[in-house]
Amino acid sequence: MKRVLAFLFTFVTVVAFAGVAWAEVIPPGASGPGLAEVGPVNTTDGCPVWYRDKNGLRLQSCVAQADPLCPARGALPDETSPVSFPTNYPDEGFYSLTTGNLDTAGGGRALAALALEQAFGAGPVSNGDQVTFARVRLRITNARDGADYKFTTPAGTKTVQTSKPGIVFDTEDIGIGGKGDFSGALGGPIGPFLTWDTFPGDPALRPDASGKNTYVGDGTTPHRIKGSPYGTNIFRIEGPGINPNPGADACPSVQGKLATNSGVTAERATYSRTSTSSGNVDVFASSDSGSQSIQAADASAGNGSFSPTSLVGQDGRYFARIAFEGSEPPSVVTITNSSDVPATSKQMQVADRVSGKASYDTDSNVLSIDAVSSDAAGSRTLTAVGFGQLVSGSLKSDTQVPPVSVTVRSDAKGEVVLPVEVTGQARAPIAVVAQAGADQSVYEGQQITLDGSASSGPISTYSWSGPSGVVLSDPNSVRPTFTAPDPGEYVFTLTVNGPGGPSSATITVTVSSPASAVANAGPNQQGVTRGEKVTLDGTGSAGAATYAWTQVVAPGDPQAPLTGANTPRPSFTYPLYTYPAASGALTFKLAVTSTDGSVSGATVTVTPKADEVAITTARYSVSKREWRVDGTSSVPAGQKVTIHLGGLDGPALGATTVDATGGFSIRGSSALVGRAGQTVSVESVLGGTAAGFAVRVQ
């Protein structure tokens with residue numbers, strides 16, 4: 001019987017709604033349903049200052065020493081001291097956290113947690129290892145094994161089963177990117193940010209008179225909420241064994257603090273000048289798209305200087321061209337957002353601006369690099385990485401293969417990546433080359449095949465020619481045939497056409513008088529793998545005008561159909577079958593007939609090798625009285641394997657078949673009891689064996 005358990009997230013319990021699974025809502029690489037933007041990196045802890053949802057709500061991470069409305073965070077090494085990065089800093093904090101807990105049937109517990117989190121990739125607090133991600137975590141204890149449990153949350157719906165006996169535990173983290181990349185969380189299922197349904201007017205969410213500190217919830221009190229992009233402001237579990245009592249329903253707690261600061265990102269600062277006494281610095285920065293007061297100031301020591309200057313802002317971008325004076329340009333600028341309290345600042349080095357062009361001429365095989373610095377008054381040194389220093393702004397390098405791009409660096413710290421433009425003639429396509437095959441020695445009256453299949457290139461046509469009186473079956477085909485004429489030497493020419501052609505090659509066919517047939521079926525073949533192609537070889541036969549191969553089928557042998565049974569070298573796929581009483585070899589007979597009418601026969605045997613089997617896991621559960629043995633075979637054929645307790649002559653624990661990946665497994669109860677110190681063995685119907693694998697009793 002299906003039971004339903006719900007955490008109330010709004011005033012109205014949703015009874016019917018569209019099922020939206022968060023794994024299906026967001027296309028790969030797309031922005032999530034509710035987050036829109038990530039803010040600048042905080043100079044204090046290296047994490048984003050804020051995240052903004054698509055409703056314009058900005059939240060900051062709560063990592064204060066003691067904030068009763070933002071209680072959830074990692075522990076501080078010293079809870080009695082103020083937060084200080086990195087020595088006294090939590091290993092995790094939350095921009096947004098919604099959790100719900102509830103008792104379930106049988107003394108179990110249910111949990112749902114939706115979070116936008118900051119943490120550290122390797123675990124401990126370490127500068128440079130900062131990460132952020134969107135998390136959805138679902139958990140039930142005392143659940144029923146093998147049953148479906150459908151979770152409905154503000155992030156959509158998802159159906160899961162127990163991950164281990166009695167436990168449903170499902171966690172999905174989205175957004176962990178490379179160093180310094182915090183944009184991945186935007187593609188997660190968190191957002192718009194969930195809030196109390198009384199936000200923003202609830203006075204409990206604005207605990208101080210200044211109004212600077214405003215929260216979306218108090219992080220502790222269960223409360224009805226709003227904000228699901230799917231209208232599913234509810235946490236519900238549907239599945240067996242869930243308490244249906246409406247009186248047990250509970251509301252979640254919500255944690256989040258409105259961001260008061262916007263921060264600032266220093267994007268670029270480049271200078272240009274035409275004299276040694278003055279020039280300009282172009283300063284680029286970014287911050288919140290709202291009205292911000294962003295300034296740039298000279299932070300150099302003894303270089304050219306300029307007075308603090310405001311940057312012009314638009315849509316979160318900020319810029320100013322600032323004049324400087326002095327014998328050298330400023331080396332460092334400070335970008336400050338004075339709208340923040342306290343003000344946020346970032347420093348960045350000032351570099352010259354490098355521009356140029358890179359090209360490659362396919363006619364001369366020369367790479368040409370031309371670049372110039374924006375410092376027209378200084379004697380700047382420009383270097384093309386991997387190619388050397390530019391002389392008077394230019395460099396030429398002989399090379400057969402050009403790079404995709406060239407990086408040019410200045411001694412004033414400027415750098416540019418130049419895509420390589422290609423000029424000159426296109427490379428000619430691969431030329432056709434005729435190959436007529438090896439010379440042949442044959443007998444009068446034999447059916448002869450010429451073979452030009454080894455010819456190469458984009459061939460458009462084939463054309464064979466030969467001595468007069470010799471008729472080719474199809475002179476414009478790759479493999480024409482003819483009947484060997486009177487004894488003598490005959491030369492045939494193959495001409496192929498295509499790019500760079502025509503190309504010609506010859507073959508000499510030496511015809512001898514008829515000889516009596518002597519069959520040779522080739523040497524016996526050993527150690528063949530079942531399921532693989534086997535080629536028989538009768539080319540050692542003498543005087544053969546025709547070939548006829550057949551299989552000699554002994555009792556118990558499978559049929560092995562031959563491809564090309566009337567050719568010197570037929571083939572077949574070795575069948576997947578059980579060893580018979582003998583060696584398991586298959587026998588084939590070759591009968592050759594010469595042009596003088598004589599017939600000769602010979603046989604060849606092909607013997608398979610046993611598959612290689614191995615046991616990888618052997619466990620016995622005392623509480624369940626259950627065995628589990630896993631292993632592999634070198635032949636993924638569906639053949640039967642038998643597991644024995646002890647040696648190969650021990651009692652059988654069970655039998656199974658090898659799957660298409662080469663794996664096998666038995667799992668189930670048995671009258672045989674597992675004990676410490678026991679071993680198991682395996683044998684395959686294809687002959688493979690492995691013995692002495694230790695049993696793990698637990």
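Start by selecting Cys62 and Cys70: a disulfide joins them, S to S 2.0 Å. The cut-off for a disulfide is a pair of cysteine sulfur atoms within 2.5 Å. The structure holds one such bond. A disulfide is a covalent bond between the sulfur atoms of two cysteines.

This is a predicted model, in which local features need pLDDT of at least 70 and side-chain atom pairs count only at pLDDT 80 or more, while totals for chains, interfaces and linings use all residues. Residues are numbered from 1 along each chain as its sequence is written, and side-chain values use heavy atoms, with hydrogens and water left out.

**The cysteines**

Stay with the pair. Cys62 and Cys70 are both buried. Buried means under 20% relative accessible area, exposed means over 50%, and partly exposed lies in between (1.4 Å probe, protein chains only).

Now pick Cys47. Why does Cys47 not bond to Cys62? The closest cysteine sulfur, in Cys62, is 13 Å from the sulfur of Cys47, too far for a bond. Cys47 has 0% relative accessibility, so it counts as buried.

**The largest core**

Next, select Tyr51, Leu116, Ile140, Tyr149, Phe151 and Ile237. These have the most contacts inside the largest nonpolar core, which has 40 residues. A nonpolar core is a set of buried Ala, Val, Leu, Ile, Met, Phe, Trp, Tyr and Cys residues joined through side-chain atoms within 4.5 Å. The elements giving two or more residues to this core are β6 (109–120), β7 (130–141), β8, β12 (215–218) and β14 (234–239). Strands are DSSP runs (E, at least two residues), and helices are runs of H or I of at least four; both are numbered from the N terminus.

Zoom in on Tyr149. Beyond its neighbours within four places in sequence, the contacts of Tyr149 include Ile140, Val160, Val168, Ile237, Pro240 and Ile242. Contact means heavy atoms within 4.5 Å.

Another core lies apart from this one, with 21 residues. Select Ile448, Ile459, Ala484 and Val496, which are among them.

**A hairpin**

Go to strand β8 (residues 149–153) and strand β9 (residues 156–160). They pair in the antiparallel sense over five bridges. Two strands pair if DSSP finds at least two bridges between them. Click Lys150: its bridge partner in β9 is Thr159. Two residues make the hairpin link from β8 to β9.

**Two buried polar residues**

Select Ser253, in strand β15 (residues 253–258). Ser253 has a relative accessible area of 13%, so it is buried. Then add Thr221. Ser253 and Thr221 are 32 residues apart in sequence, yet 5.4 Å apart in space, C-alpha to C-alpha. Residues that Ser253 touches include Leu97, Thr98, Gly219 and Pro222, not counting those up to four places away in sequence.

Move to Asp282, in strand β17 (residues 278–286). Is Asp282 buried or exposed? Asp282 is buried, with a relative accessible area of 7%. Show the side chain of Arg321 too: a polar contact of 2.7 Å joins it to that of Asp282. A polar contact is a pair of N or O atoms within 3.5 Å; within protein, one must be able to donate a hydrogen and the other to accept it, and residues adjacent in sequence count only if both atoms are side-chain atoms.

**Unusual backbone**

Most residues other than glycine have a negative phi, and most peptide bonds are trans.

- Phe199 and Pro200: a cis peptide bond joins them, with omega about 5 degrees. Pro200 lies in the loop between β11 (195–196) and β12.
- Gly501 and Pro502: the peptide bond is cis here, omega near 5 degrees. Pro502 is in the loop between β36 (488–497) and β37 (503–512).
- Asn365: phi is positive, near 55 degrees. Asn365 sits in the loop between β25 (354–361) and β26 (366–373), and is partly exposed at 22% relative accessibility.
- Ser392: phi is positive, near 55 degrees. Ser392 sits in the loop between β28 (388–389) and β29 (394–398), and is exposed, with a relative accessible area of 77%.

**Last stop: an open sheet**

Display four strands, in the order β38-β43-β42-β40: they form an open sheet with mixed pairing. β38 (525–528) and β40 (546–552) stand at the edges, each with a single partner strand, so one side of each has no neighbour in the sheet. β40 runs antiparallel to strand β42 (residues 586–593), joined by seven bridges. Finish on Val552, which stands opposite Thr587 in β42.
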